[in-house]
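User: Could you take a close look at one part of this protein for me, the pocket, and then walk me through the charged pairs too?

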Amino acid sequence: GDERKSGVLFPSFGHSGSNGFELEVPYYFNLAPNYDLTLTPGLLTSRGVELAGQFRFLSSNSHGQIDTTFLPDDSQARGDRSYLHFTDITDFKRGMRFDADIANVSDHNYFEDFAVGSDQTSVTFLERRADVLYYDDVWRIRGELQNFQTIDITVPPDERPYSRVPRIQANALW
């Protein structure tokens with residue numbers, strides 16, 4: 001039938017100079033019609049065993065996902081390596097929204113060692129942001145929390161983005 005089913009997805013494999021041979025075998029869990037989970041155990045012969053996961057959720061007023069990767073005791077970096085990215089948009093009611101985009105990485109070499117493609121290997125900052133937005137026919141009011149994790153330590157301190165104090169912005173739409 002057309003229904004989603006849990007099961008093993010197509011494995012990926014490859015080789016790189018820093019990670020050695022790589023093998024990942026994802027398993028998809030169809031947990032419910034509105035959320036699912038993919039767990040991907042992997043082996044990097046030059047680094048060790050890793051576990052990645054992606055949890056996606058969807059409801060009538062919310063959607064988002066959590067992506068994470070964990071490599072315990074990376075044999076080259078001599079420590080644990082991890083990545084976490086959380087996104088969520090929730091409409092509490094008409095005119096009231098929560099929006100979050102939060103990322104964190106264990107160390108400044110993570111993207112150089114594990115990312116694919118030039119746009120991912122040149123990441124210099126990770127944003128962490130959460131907003132609450134109220135809007136109606138006249139007003140737009142937004143409260144925001146935001147800061148950044150600096151990935152590229154070669155960027156001089158005066159050129160790095162700064163963390164903002166919590167702020168509130170109000171606009172009238174006349």
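Analyst: First, a bit of vocabulary: a pocket is an open set of grid points with protein on both sides within 12 Å along at least five of seven lines, and its lining residues have an atom within 4 Å of a point. Keep in mind that this is a predicted model.

Now the pocket itself. The largest pocket holds about 620 Å³ of space. It has 25 lining residues, and E24, T69, Y110, F114 and A115 are the ones nearest its centre. Strands 3, 5, 6 and 7 each give at least two residues to the lining, and so does helix 1 (110–114). As for chemistry, the lining has twelve nonpolar, eight polar and five charged residues.

Some of those elements turn up again in salt bridges. R56 and D36 pair up at 2.5 Å, N to O. R56 is in strand 6 and D36 in strand 5, so this pair ties together parts 20 residues apart in sequence. R56 is partly exposed at 37% relative accessible area, while D36 is buried at 2%.

Helix 1 joins in as well: R81 and D113 meet in a salt bridge at 2.8 Å, N to O. R81 sits in strand 8 and D113 in helix 1, 32 residues apart. R81 counts as buried, with 3% relative accessibility.

Strand 3 has another story to tell. L23 belongs to that strand and is partly exposed at 41% relative accessibility. L23 helps make a nonpolar surface patch of about 830 Å², together with V8, F10, F13, V25, Y27, L43 and V49.

Technical notes: Residues are numbered from 1 along each chain as its sequence is written. This is a predicted model: local features need pLDDT of at least 70, side-chain atom pairs count only at pLDDT 80 or more; totals for chains, interfaces and linings use all residues. Side-chain values use heavy atoms; hydrogens and water are left out. On a 1 Å grid over the protein atoms alone, a cavity is a set of points where a 1.4 Å probe fits but cannot get out, and a pocket is an open set with protein on both sides within 12 Å along at least five of seven lines; lining residues have an atom within 4 Å of a point. Grid points are joined across faces, edges and corners, and a volume is the space filled by probe spheres set on the points. Helices (H or I, at least four residues) and strands (E, at least two) are DSSP runs, numbered from the N terminus. Ala, Val, Leu, Ile, Met, Phe, Trp, Tyr, Cys and Pro count as nonpolar, Asp, Glu, Lys and Arg as charged, and the others, Gly among them, as polar. Patches are made of residues with over 30% relative accessible area and no salt bridge: like charges are joined within 9 Å, nonpolar side chains (Val, Leu, Ile, Met, Phe, Trp, Tyr) within 5 Å. Accessible areas come from the Shrake-Rupley method with a 1.4 Å probe; for residues, only the protein chains shown count as cover. A salt bridge is a side-chain nitrogen of Lys or Arg within 4 Å of a carboxyl oxygen of Asp or Glu. Buried means under 20% relative accessible area, exposed over 50%, partly exposed in between (1.4 Å probe, protein chains only).
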